[in-house]
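Hello,

Here is the structure I promised to pass on. Please have a look, then read my notes below.

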Amino acid sequence: MSSSDGAASQLGVAGALGLSVTSSVAIVICNKYLISTLGFFFATTLTSWHLMVTFCTLYVAQRLRFFEAKPIDAQTVISFGLLNGISIGLLNLCLGFNSVGFYQMTKLAIIPFTMLLETIFLSKKFSRSIKVSLMVLLLGVGIASVTDLQLNLLGSIIAVLTIAATCVSQILTNQIQRRLKVSSTQLLYQSSPYQSAVLLVTGPFVDKLLTKRDVFAFSYTFQVVAFIVLSCSIAVCVNFSTFLVIGTTSPVTYQVLGHLKTCLILSFGYVLLRDPFTFRNVAGILVAIFGMGLYSFFSVSESRKKAEGPSLPLSSSQMVAEKDEEPLLGSAAAAKSTAWSETKGVQSFDEVPRTAKSAFSRP
């Protein structure tokens, strides 16, 4: 790869990360107003609309030849879409049946479980430096956002299923793009109808279970409809950037980015909404940012070493190992897509990992 190609690639990754953070924070602001002020608490149903609008937008873009649709075998794309849709529903159920603190611990567990799955099934190696930096990051986010820890059997089972579904869906998002040579746009275009279908069918039931309200009985004023349209529009960028980030980096990097969003949302809640902010929040955010800095530094350093390393002929066993790093798909984050839900006075946003109760509670 030439230096110009490398610079362009790094610029593309930086653009994907920037779009992901910007769009995610924007949709948090929009959805917080939609939920806290306008009283629209139907998270899963709203997410299904997000994905439906995303598909319609990509369909128009494809018809206008902004990108070329690449066919993916039906079994792969349907399985992937259904698993992504299920993972979104489980994330909302996990928050509904657990305390905020336990839910945050569930989100923190996604990184080590993703690393474990990639190590076992993809033979991927993580250096000690990367592991230490991620431990620092998770410690900081835990200090800043984990409050109460209350355990119950049903909530714990849902949490385990949530971790498994989220890890697998994000790993497959990366592997499908690499193995089948499809872009993030092509994959999102193919899978979003199935994700939306799962949530369109299950969304009203999940929302009624969590909020004790009926989405069909809600009073849809002009202001509510306007903010739903705005939320769906921003969600197109969120969904696209999710697939783009995972495809151009890795599932672990995407989760690291998600925890950066957590810190930004905590800070946003304090600066703009005057939510309570303790020394523990500040200390946790600083530790998390330090961990992110270490992760970025070690990741870049290791990438440069690989790029500058001598080009030696590979043995047959090395060639097989390298080929196994990009295995065939078995069956699907957002992340993910986006979802908001409210339960026990807490709203949640799926694409941005949930923050401390203070950042999402109604004013």
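How many residues does helix α10 have, and how far does α10 reach from its first C-alpha to its last? Keep in mind that this is a predicted model. Helix α10 covers residues 279-308, has 30 residues and reaches 43 Å. That is close to the 44 Å expected at 1.5 Å a residue.

Which residues of α10 are buried? They are Asn-281, Gly-284, Ile-285, Ala-288, Gly-291, Met-292 and Tyr-295. An α-helix has 3.6 residues a turn, so residues three or four places apart point the same way.

Next, helix α4, residues 100-121. Its partners here are α5 and α6.

Start with α5, residues 128-145. The axes of α4 and α5 are 10 Å apart, at an angle of about 170°. Angles over 145 degrees count as roughly antiparallel, so α4 is roughly antiparallel to α5. On the α4 side, Gln-104, Leu-108, Ile-111, Pro-112 and Met-115 make the contact. On the α5 side, the residues include Lys-131, Leu-134, Leu-137 and Leu-138. The contact of α4 with α5 has 8 nonpolar, 3 polar and 1 charged residues.

Now α6, residues 153-179. The axes of α4 and α6 come within 9 Å and cross at roughly 45°. The two helices are therefore oblique to each other. Their crossing is right-handed. Among the α4 residues that meet α6 are Phe-102, Ile-110, Phe-113 and Glu-118. Among those in α6 are Gly-155, Ile-163, Cys-167 and Ile-171. This contact divides into 10 nonpolar, 5 polar and 1 charged residues.

Best wishes

Key:
Residues are numbered from 1 along each chain as its sequence is written. This is a predicted model: local features need pLDDT of at least 70, side-chain atom pairs count only at pLDDT 80 or more; totals for chains, interfaces and linings use all residues. Side-chain values use heavy atoms; hydrogens and water are left out. Axes are lines fitted to C-alpha atoms, for helices over the stretch in contact, and angles run from 0 to 180 degrees between N-to-C directions. Helices (H or I, at least four residues) and strands (E, at least two) are DSSP runs, numbered from the N terminus. Angles under 35 degrees count as roughly parallel, over 145 as roughly antiparallel, 65 to 115 as roughly perpendicular and the rest as oblique. A crossing is left-handed if the near helix is turned anticlockwise from the far one by less than a right angle, and right-handed if clockwise. Contact means heavy atoms within 4.5 Å. Ala, Val, Leu, Ile, Met, Phe, Trp, Tyr, Cys and Pro count as nonpolar, Asp, Glu, Lys and Arg as charged, and the others, Gly among them, as polar. The expected span of a helix is 1.5 Å times one less than its number of residues. Buried means under 20% relative accessible area, exposed over 50%, partly exposed in between (1.4 Å probe, protein chains only).
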